[in-house]
Amino acid sequence: MPIAPAAPADVSRKSLQIWVDADACPNVIKQILFRAADRWKIQVVLVANQLLNTPPSPYIKAIQVPAGFDVADNEIVRRMQAGDLVITGDIPLASDVLKKNGHALNPRGSFYTSDNIREYLSMRQFMDELRSSGIETGGPAAFSNADRQAFANQLDQFLTKSL
């Protein structure tokens, strides 16, 4: 599996890195993260089971993992450190990030927290049960400009406070 080379040695690790569960992350969110990486000079690492194109930057890299259930999620949890930010819509991954004292932000601009993660997990379980019983639950709403703006605002506030 191809793995992107590490960032040049002159790029020092800031107090945090941003990890992206990139297989399902909307392209518009990736573009926001690419701009933030260069603006804040902070490492953004995309993890996916497919080859990803990233702009040339010492602050942006992609890691390709083998295909399989939760392989990318497990790689993110294995590599992240306390204080890192993970961008994901995957609720179990967000829960694992919180257990490692990381921060988890949904691409729609909502932070998962120790106060709300159980509610998200319960709702996910409930929806899985409905689907497995044959009830049509529909999918998530289409990604909107308001979602994009909410994400950009939350990311900027988080980075301003954290760096």
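Start with the whole protein chain in a cartoon view: this predicted model has 5 helices and 6 strands. Trace the chain from the N terminus and you will pass its elements in the order β-α-β-β-α-β-α-β-β-α-α. Now switch on the surface. The protein chain exposes about 9,200 Å², and carbon and sulfur atoms supply 51% of that area. Of the 163 residues, 39% count as buried. Among contacts between residues at least 6 apart in sequence, 55% join residues at least 24 apart.

**Stop 1: helix 1**

Select residues 27-40, which make up helix 1. Its 14 residues should span 20 Å at 1.5 Å a residue, and the end C-alpha atoms are 20 Å apart, which agrees. Next, show the side chains of Ile29, Lys30, Ile32, Leu33, Phe34, Ala36, Ala37 and Trp40, which are buried in this helix. What lies over them? The cover includes strands 1, 2, 3 and 4, together with helix 5. Just after helix 1, look at lysine 41, which takes a positive phi of about 55°.

**Stop 2: the nonpolar cores**

Stay with the interior and color Ile18, Val20, Leu33, Leu46, Ile87, Leu155 and Leu159. These are the residues with the most contacts inside the largest nonpolar core, which has 27 residues. Which elements give two or more residues to this core? They are strand 1 (18-21), helix 1, strand 2 (44-48), strand 3 (60-64), strand 4 (85-87) and helix 5. Helix 1 gives the most, with 7 residues.

For a close-up, center on valine 20. Leaving aside residues up to four places away in sequence, valine 20 touches Cys25, Leu33, Val44, Val45, Leu46, Val47, Ile76 and Ile87. There is also a second, separate core of 18 residues; select Val45, Ile91, Ala104 and Ile117 to see some of its members.

**Stop 3: an aromatic pair**

The structure holds 1 aromatic pair. To find it, select phenylalanine 111 and phenylalanine 158, whose rings are tilted, 5.7 Å centre to centre with 35° between the planes. Phenylalanine 111 belongs to strand 6 (residues 111-112) and phenylalanine 158 to helix 5 (residues 145-162), so the pair ties together parts that are 47 residues apart in sequence. Is phenylalanine 158 buried or exposed? With a relative accessible area of 6%, phenylalanine 158 is buried.

**Stop 4: salt bridges**

Side chains of opposite charge can pair when their charged atoms come close. This structure holds 5 salt bridges, and two places are worth a visit.

First, select arginine 39 and aspartate 156. They form a salt bridge with their closest N and O atoms 2.9 Å apart. Arginine 39 sits in helix 1 and aspartate 156 in helix 5, so the pair ties together parts that are 117 residues apart in sequence. Arginine 39 is exposed, with a relative accessible area of 59%, while aspartate 156 is partly exposed at 29%.

Then move to helix 2 (residues 71-79) and select glutamate 75 and arginine 78; being 3 residues apart there, they are separated by about one helical turn. The closest N and O atoms of their salt bridge are 2.7 Å apart. Glutamate 75 counts as buried, at 15% relative accessibility, whereas arginine 78 counts as exposed, at 56%.

Finally, add arginine 79 to the selection. Glutamate 75 forms a salt bridge with arginine 79 too, the closest N and O atoms being 2.5 Å apart. Arginine 79 counts as partly exposed, at 30% relative accessibility. Through shared partners, salt bridges join Glu75, Arg78 and Arg79 into one network.

How values were computed. Residues numbered from 1 in each chain as written. Predicted model: local features only at pLDDT ≥ 70, side-chain atom pairs only at ≥ 80, totals over all residues. Heavy atoms only, no water. Helix = DSSP H or I, 4+ residues; strand = E, 2+ residues; numbered from the N terminus. Buried < 20%, exposed > 50% of the residue type's maximum accessible area, 1.4 Å probe, protein only. Contact = heavy atoms within 4.5 Å. Areas by Shrake-Rupley, 256 points an atom, 1.4 Å probe, with all protein chains shown as cover. Phe/Tyr/Trp six-rings, centres within 6.5 Å; stacked < 30°, edge-to-face > 60°. Core = buried A, V, L, I, M, F, W, Y, C linked by side-chain atoms within 4.5 Å. Expected span 1.5 Å × (residues − 1). Salt bridge = Lys/Arg side-chain N within 4 Å of Asp/Glu carboxyl O.
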